[in-house]
Amino acid sequence: MSRNIANTPAAKAALIQSISGQWVMSEPRVRELARRIAKDVAGDGMQTPAPGPAGYTVADGVARIDVIGVLTKYETWWDDYYGLCAADRIQGLVDAAFNDPAVRTVAFVIDSPGGMAAGTVQLGDFIRRRADATGKATMAVVSDQAASGGYWLAAACDTIVANSIAEVGSIGAFELWTDDTKFWADLGITFTVVSSGGVKGAGADGSVPPELVAESQRGVDALYEQFVAWVATRRQMSDAEARALADGRVWIAAEAVTKRLIDRVQPLDAAMSAEKERIANMDREQFIAYVAAHPDHLQEVAQPLVDKAIAATKPNNATASELKAAFPEDKDFVMDRLDIEAPIAEHKVAYADHVKAKLTAAGQKNDELQKKIGEIDPSHAGHGSAINTPTGDQPAVSSLARMNELRKQQGLPAKTA
């Protein structure tokens, strides 16, 4: 689905003006963008696709934010058509991801030649501030290109990985001015600039005078120094080391590793999987540090991990069916143990103690019966217990026989087995 964009002079002028200003972007892509805009300005209009999906996704604690296309500051109606990526939109996603309790790492998938300094520098600072404030990890995954402003954003992250063919670097800045005098002249429009002096108003008529170029150079130099300092700080280089790399060149991923511009060469899927595995395997110290840094996340994030770890150390509790199967002859014991959470092995130990207690009670009862037999019939005293079979040369007298003897002495009828 697409829509027509009116080919009005105002729309064309806005397009031309949009590429004026300071850029941290690889020069070939700037020329490509300028040619495309020029072609559209010269034509009868353009078609823009319907906006694609925007947002971030979370999987296993890792939030993914795509930074794809030419970097600009604010969203415009031509972003999708020209492949632009607005910093203010990305900043909103960054803020949401860092505030998300389900997120432990924010991963930026970057495929960008860079773009306008305005917005890019602020976005890099914002990423770093939010990461420091929350203690969450950040990772840049370069999917083919992180040049100039794209690398500025990648350097904001704790770790930078890139696929094998990725281009990394293009550290530097430039400013692009367009001489629009012929364009306005063709429209029959002329300008008269009234200025307070100096460089005020220089170029306002669409021209690019020398004093404007000189002033522009001063601004580019200042931005360049800021870029060098950013790379040196974020990649732990000396100023001289960072400056030696800040000549606008790009390096393929493997060479970028040797230049310490990135940490390793790894494709996107492998990098994301590795990060998910890393955060899933916290040791004790890491867990304590995480809880200390995120006390508000304990209930929502940490507690389930704690519960899972505790459950993993406990054997499975026996079910009612398992208890009945293990102790089929002792229903009373099974009923007593139903409310006790323990594995079957512990129930068996308890059953052994239960049986021993019953045997001890039976032995005590035997002693009482033996004593009574001795009192009633002294001739049977010492003949063994009333239940157990005597040993040695004592006659084997059954318990039933002894009981009947007692009954007979008491005038009671004998019992049969």
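**Figure 1. Arg128 is buried in this predicted model.** Its relative accessibility is 12%, so Arg128 counts as buried. Its partner Asp132 stands at 54% and therefore counts as exposed. The two form a salt bridge, with the closest N and O atoms 3.1 Å apart. Both residues lie in helix H5, which covers residues 117–134. They are four residues apart, about one turn of the helix. Asp158 belongs to the picture too: Arg128, Asp132 and Asp158 are linked in a network of salt bridges. Side chains of opposite charge can pair when their charged atoms come close.

**Figure 2. Asp186 and Lys182 meet in a salt bridge within helix H7.** The N to O distance is 3.1 Å. Helix H7 spans residues 181–186. Asp186 and Lys182 sit four residues apart in it, about one turn of the helix. Are these two side chains buried or exposed? Asp186 has 55% relative accessibility, so Asp186 counts as exposed. Lys182 has 58%, so Lys182 counts as exposed as well.

**Figure 3. A salt bridge joins Arg235 and Asp263.** Their side chains meet at 3.2 Å, N to O. Arg235 lies in the loop between helix H8 (210–234) and helix H9 (239–245). Asp263 lies in the loop between helix H10 (253–258) and strand S15 (264–265). The pair therefore ties together parts that are 28 residues apart in sequence. Arg235 is at 10% relative accessibility and so counts as buried. Asp263 is at 37%, which means that it counts as partly exposed. The structure holds 12 salt bridges, and the pair of Arg235 and Asp263 is one of them.

**Figure 4. Leu187, Ile189 and Phe191 make a nonpolar surface patch.** The patch measures about 250 Å². Where does Phe191 sit? Phe191 is found in the loop between H7 and H8. With a relative accessible area of 40%, Phe191 is partly exposed.

**Figure 5. Helix H16 runs from residue 344 to residue 376.** H16 has 33 residues. From its first C-alpha to its last, the helix reaches 48 Å. That is close to the 48 Å expected at 1.5 Å a residue. Which residues of H16 are buried? They are His347, Ala350, Asn366, Gln370, Ile373 and Gly374.

**Figure 6. Confidence falls under 50 in residues 45–53 and in residues 384–396.** In residues 45–53, pLDDT stays under 50, and the model has 29 contacts beyond four places in sequence for them. In residues 384–396, pLDDT also stays under 50, with 22 such contacts. Where pLDDT is low, the predicted coordinates should not be read in detail. For the chain as a whole, the mean pLDDT is 79. A pLDDT of 70 or more is reached by 70% of the residues.

**Figure 7. The chain as a setting for the close-ups has 17 helices and 15 strands.** The chain has 417 residues, and 38% of them count as buried. Take the contacts with a separation of 6 or more: residues 24 or more positions apart account for 68% of them. The chain exposes about 23300 Å². Carbon and sulfur atoms supply 55% of that area.

Methods: Residues numbered from 1 in each chain as written. Predicted model: local features only at pLDDT ≥ 70, side-chain atom pairs only at ≥ 80, totals over all residues. Heavy atoms only, no water. Salt bridge = Lys/Arg side-chain N within 4 Å of Asp/Glu carboxyl O. Helix = DSSP H or I, 4+ residues; strand = E, 2+ residues; numbered from the N terminus. Buried < 20%, exposed > 50% of the residue type's maximum accessible area, 1.4 Å probe, protein only. Patch = residues over 30% accessible without salt bridge, like charges linked within 9 Å, V, L, I, M, F, W, Y side chains within 5 Å. Areas by Shrake-Rupley, 256 points an atom, 1.4 Å probe, with all protein chains shown as cover. pLDDT = per-residue confidence, 0-100. Contact = heavy atoms within 4.5 Å. Expected span 1.5 Å × (residues − 1).
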